[in-house]
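This report introduces the structure shown below. It looks at how the chains meet and how one sheet is built.

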4 protein chains.
Amino acid sequence: MPVRDNVEIGLNRFARRGYDLDEVSLVPSRRTRDVDDVSTAWQIDAFRFDIPLITSPSDAVVSPATAIAVARAGGLGVLNAEGLWTRYDDPTEVYRQLRAASSAEAGPPTALLQQVYAEPVKPDLVAARVKELHDSGVTTAVRISPQHTVALAPAVLSAGIDLLVIQGTTVSAEHVTTSGEALNLKEFIADLDVPVIVGGAADYQTALHLMRTGAAGVIVGIGADSWSTADSVMGIRVPLASAIVDAAAARRDYLDETGGRYVHVIANGRIETSGAIARALACGADAVQIGEPLRVAEEAPGGGVWWDSVAAHPRLPRGGASAAAEPRGTLEQVLLGPAESADGRTNLFGALRRTMAKTGYRDLKEFQRVDLVIGGNGATPAGAGHLVG
Amino acid sequence: MPVRDNVEIGLNRFARRGYDLDEVSLVPSRRTRDVDDVSTAWQIDAFRFDIPLITSPSDAVVSPATAIAVARAGGLGVLNAEGLWTRYDDPTEVYRQLRAASSAEAGPPTALLQQVYAEPVKPDLVAARVKELHDSGVTTAVRISPQHTVALAPAVLSAGIDLLVIQGTTVSAEHVTTSGEALNLKEFIADLDVPVIVGGAADYQTALHLMRTGAAGVIVGIGADSWSTADSVMGIRVPLASAIVDAAAARRDYLDETGGRYVHVIANGRIETSGAIARALACGADAVQIGEPLRVAEEAPGGGVWWDSVAAHPRLPRGGASAAAEPRGTLEQVLLGPAESADGRTNLFGALRRTMAKTGYRDLKEFQRVDLVIGGNGATPAGAGHLVG
Amino acid sequence: MPVRDNVEIGLNRFARRGYDLDEVSLVPSRRTRDVDDVSTAWQIDAFRFDIPLITSPSDAVVSPATAIAVARAGGLGVLNAEGLWTRYDDPTEVYRQLRAASSAEAGPPTALLQQVYAEPVKPDLVAARVKELHDSGVTTAVRISPQHTVALAPAVLSAGIDLLVIQGTTVSAEHVTTSGEALNLKEFIADLDVPVIVGGAADYQTALHLMRTGAAGVIVGIGADSWSTADSVMGIRVPLASAIVDAAAARRDYLDETGGRYVHVIANGRIETSGAIARALACGADAVQIGEPLRVAEEAPGGGVWWDSVAAHPRLPRGGASAAAEPRGTLEQVLLGPAESADGRTNLFGALRRTMAKTGYRDLKEFQRVDLVIGGNGATPAGAGHLVG
Amino acid sequence: MPVRDNVEIGLNRFARRGYDLDEVSLVPSRRTRDVDDVSTAWQIDAFRFDIPLITSPSDAVVSPATAIAVARAGGLGVLNAEGLWTRYDDPTEVYRQLRAASSAEAGPPTALLQQVYAEPVKPDLVAARVKELHDSGVTTAVRISPQHTVALAPAVLSAGIDLLVIQGTTVSAEHVTTSGEALNLKEFIADLDVPVIVGGAADYQTALHLMRTGAAGVIVGIGADSWSTADSVMGIRVPLASAIVDAAAARRDYLDETGGRYVHVIANGRIETSGAIARALACGADAVQIGEPLRVAEEAPGGGVWWDSVAAHPRLPRGGASAAAEPRGTLEQVLLGPAESADGRTNLFGALRRTMAKTGYRDLKEFQRVDLVIGGNGATPAGAGHLVG
């Protein structure tokens, strides 16, 4: 197994040195290109997208309606099959409650999140939501957790899914249990007709093992957004730039070992600006999975509040909810511009296109080779770059 | 003697590069495991504990009653034999005074701490407190300082102690004095019937020498909590991750040199969250010695205020006292959950168990081999991770 | 091609380690010198300057009048041929509007900047402004963008320009387009009678290629001032100290390959204090291009507000505008002293002269060899060093 | 010449990596010692001191009276021969004015400092002040600048000086001038009957050259306190830990080249706590030159305000003045304790003694060998460590 730079933290005990996305930057180099000559298209299995975006399966930003809107803007919306839309017939009132408990200063408390997610998931509702998406004609994708994959998959599949996302904080290809029955990912995927995206993975090895399960895409990162407390609660931190690079190395090795199967690497975790999207792709990701940046879209069901499902864990919540942010325009404006502010929070994929032009790359696959630099001041512009809320 | 990474700070003068716990993180890897299949048990000498916790001997969190409560929750409570409970017949009024001098913004002033600790220690009270603990039926442990070991040990031992903790900021196996009589740790321990835990030590060499005194456990770190000023006052800083790793190397070398004596390494210093506990154990500690995190337990005698005994030094105080924190639940909730917030401050050992499951380890000894990474943003979630108070 | 220090950010993917100006400092060494024996003179092509200053082509600080004032103080003023002065007959009202929308706390909003720059550039006005400068008798220079060079150059040249500055955020010698017509810099410069300064460039290779176009000077850096958001919006960051050093290496290699053509390296980006000017020159720059520091001059047309033209981009603004700063004296005082405050914001080039004296260097070319050190606390003096506004 | 660790900041341009005092810490090691067995004594030439302290020649803390008080507490007070006491017959009113212009939030403005120091130095007053010190019976020392050494030395010497301090921001053994007459340090010192301390120097080479002038002591560092803006104004920064180590290497080499002349290394610059004093000595300094920490003494003439003479420079001030701090006790308490707070700001040399005991060293020369570590969190205790004012 290939080995990365090591640091000796004490006698004979080593740690890898990992880099986060904001430590890495792109270097414009010899060539520039017209912005109109650049393509940001991405294709996984038979599905083609104008922009390399799949959404986080967060109730704060993804409802059936916004999943469809994302698709129409060129990306892939992923609904959480274990979220509010499958626990409640009509979650409108729950959203209202969470929004009412938030302000411009603070988000809803952990206890309230724990309470609204205590309501059980209804398999019937899961099927109904998938059908709603499917009937709209867009590429349909939902997320289920590894724990509930066996139970929920039938409903999901029969309702007409295009892509299945099996996602937990960390997912391994080898789950050990003494309780008898664990999901065997490899067998499960082999039996399936639809392509699967699976994750998160945090290192080369886990990514490679997940690729070997037959997945079409592997999510890299544990979804640690700015409100994640995986660090304080579990001592777990995934420097994302390094994790993406390592997963891309696994992709290359797996491509070689299979004589040509290309598994997509999808980056997930504190990707909040167009600059971070560019960095993630530059490190080798094929697409990004983002949620929090979409909360400023007028259509966001959470009304500007952000939370990840892990913030609602009944015994060990591992993240908080954000205060409410002001809307910044329609989802399309947030994704495709034009931007009326300079903080990297709107025109997310228009900015990507321009970055590719300034650095001289024509498509995303080429762009993965852009020159990188470590170091330099993080720009902290006065009154920009930090989203209020 | 093995040598760690060195930095040349100037011509021919080298310093070791040390890492703090919060610079090191755990990497989930190939395997995951059911949380119910994980054990957090720890055993030292004949004493077995469900959780690898021994308390700091701080009056802020340990009274005879809370020592017993800690034991019942699965850990080891250590009462300070030179603290308020052995200086005052009934320290209730002193606690009231310290609490009254604190607020949500500031802790009691140094001068007040110096004043209440100016009252002499009464050997009779020492014996009485030990007896009280012993009679409760729990594993009994008290802390004495190296300076007063000779004077106080008889009272402590005859009252029925199970484990003796000899602890100062820094303790060496070779104390040089011209005043005639210094504690010879090796001889003292050899003559003793009860196992001894001794420290703090800051490097490989001191840890190894303390192991050679016959101690059952060695405390690593100088107890530098967030209020410690050892750094400003004495220029002394112990990057704890590196110190733990080095002490674990001493443990391995001593195991080899004795053909099988395993001395436990107990980490002590700014371990305030469940994430930090996981990091300390991942670096090689067998258990953690913590105090400050327990102050949010409803039973804490300090009522949410935290101070270490070094904050009360008559001529050179080397730490401050915290403001008062709000209670977060019973001691059992703080230690074993469930958590109603996401900041790593409650369900401390439930979180450890889950971390071990997510990284695929079954017991603490295996968990010491978990993959580590250096780098990555310290998660600073909005409104979480930092205890108000 | 020479290669700089590399960091492995993950398996087989490397990034160069770059340093920013504020990470690098000067070390006084063996020799000192009288301040009156030091020269800060700089010459490019036939033009000699007392101080190594060319202004950023920002409307916030450069009007025709201030361009003339800068020249009289010994530097080179560069007017933006695509700024307010060539969009409006009389931009006084526009300046008033921008100033009115600013306060001591916040600058004018992005939307207002986008609006005032939506007015088209008038080629007639371009010619008139150049003529005004030319008639004043000072060395005349204006900036045009690569996109509009072909269109605007004739007007500029016939009106009597001395030096032409072709400047965009990033300029390459090889712009690829499918739309048919791109500026061929090499041919354009070869046909020209006046010397050209071109940039910005961010690395050795781009700098070398731009030198090969026949330019007299190459601008290094992307003009990222403190309000730049290139980092958040595009993921692009140029650690300036390293970029200058690399461009100076290109200068040396190009000098060798041409047997003697010396192309000047001009540093541009977050150079806000006399200390930063000294650092940029010490790293190998022949001159600095600065704008923001001039906004505290009484003559600054923006009245203390700062913005770069990129802040007004119609679809993807990449910077903000500063709040209004209090004036600190005349332009001459700001450039040549005396200083009545200690924050490195006034007497910018008097300070440079004294630094050269304290480190023992007689002229700028020698000064490029001064000893450098990495590390050390950034001095953050109470109440100094940070310009209010 | 020996060479330290180098960093390649760009192609073929290197910078030394320097460390500041607060990056380096002491590691308690194998041995401990009784605090009463430790000596902090220091001797330079024929003069012996109980504590390794010489004061900065700052008017804020040194009057003739406090110079005497420092001597009585065991250190060496150094009066500035070019400060307020030699510009004014009675500077009481000037001190009152400066104090009146200060508050707990801000110090006196630069312009006021420039104004009060515009008054010329009177050679008669210089002689009178030296005589006053001499007559008190303490070891007498004053500071003169290299520029005025030739003019002022006669008055100083004939009035009965014991030690002469020739000090500027940076002093070299080779000052180049075209104006005709520069101080030749070597000849000047050779002709002198009293020992000379000279500096500041920032690197090995300058320190070595200054040692070769015949000086008894060399000051290392440019006196950059927390209010210094040498960094912003001149781009000059001296990472002090590395500078001390390098000067100690020069001391060793000079000792060898002369077969036994030991020149003392005196550290100067942002040494504000007892921890920093311990660090400076641990890096190899024989003594520390400090000023700012003495401003909290009741006797300080500045009444809690701090400024360095460089803050009053007429054309290029390079530092600010502090706000007024509350007194913390008598000068003796500040230097020798006991401490009633835990921030390293009182009992400065009592703390040093205890640090030496905890790390097992008997005297200062031995203590220069203490183990060092790089890294670790800077302790930032809540409500301690940072002097208000």
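## Chains that do not touch

In this predicted model, chain B and chain C make no contact, and their nearest C-alpha atoms are 11 Å apart. Chain A and chain D do not touch either: their closest C-alpha atoms lie 11 Å apart.

## Where chain A meets chain C

Chain A and chain C are in contact, with 59 residues on the side of chain A and 53 residues on the side of chain C. Several elements of chain A each give two or more residues to its side, namely strand 3 (24-26), strand 4 (31-33), helix 10 (240-258), helix 11 (274-282), helix 13 (348-358) and strand 16 (372-374). Helix 11 of chain A provides the largest share, six residues. Sorted by class, this side of chain A holds 25 nonpolar, 21 polar and 13 charged residues.

Strand pairing also links these two chains: strand 4 of chain A runs parallel to strand 11 (residues 174-176) of chain C, with three bridges between them. R33(A) has V176(C), in strand 11 of chain C, as its bridge partner.

## A sheet in chain B

Strands of a sheet pair through backbone hydrogen bonds, in either a parallel or an antiparallel sense. Chain B has an open sheet of eight strands with parallel pairing, in the order 7-15-14-13-12-10-9-8. Strand 7 (53-55) and strand 8 (79-80) of chain B are at the edges and each has a single partner strand, so one side of each is left without a neighbour in the sheet.

Strand 7 of chain B is joined to the parallel strand 15 (residues 287-290) of chain B by three bridges. Within this pair, L53(B) has V288(B) of strand 15 as its bridge partner.

Key: Residues numbered from 1 in each chain as written. Chains lettered and ligands numbered in written order. Predicted model: local features only at pLDDT ≥ 70, side-chain atom pairs only at ≥ 80, totals over all residues. Pairing = 2+ DSSP bridges. Helix = DSSP H or I, 4+ residues; strand = E, 2+ residues; numbered from the N terminus. Contact = placed C-beta atoms within 7 Å. Nonpolar A, V, L, I, M, F, W, Y, C, P; charged D, E, K, R; others polar.
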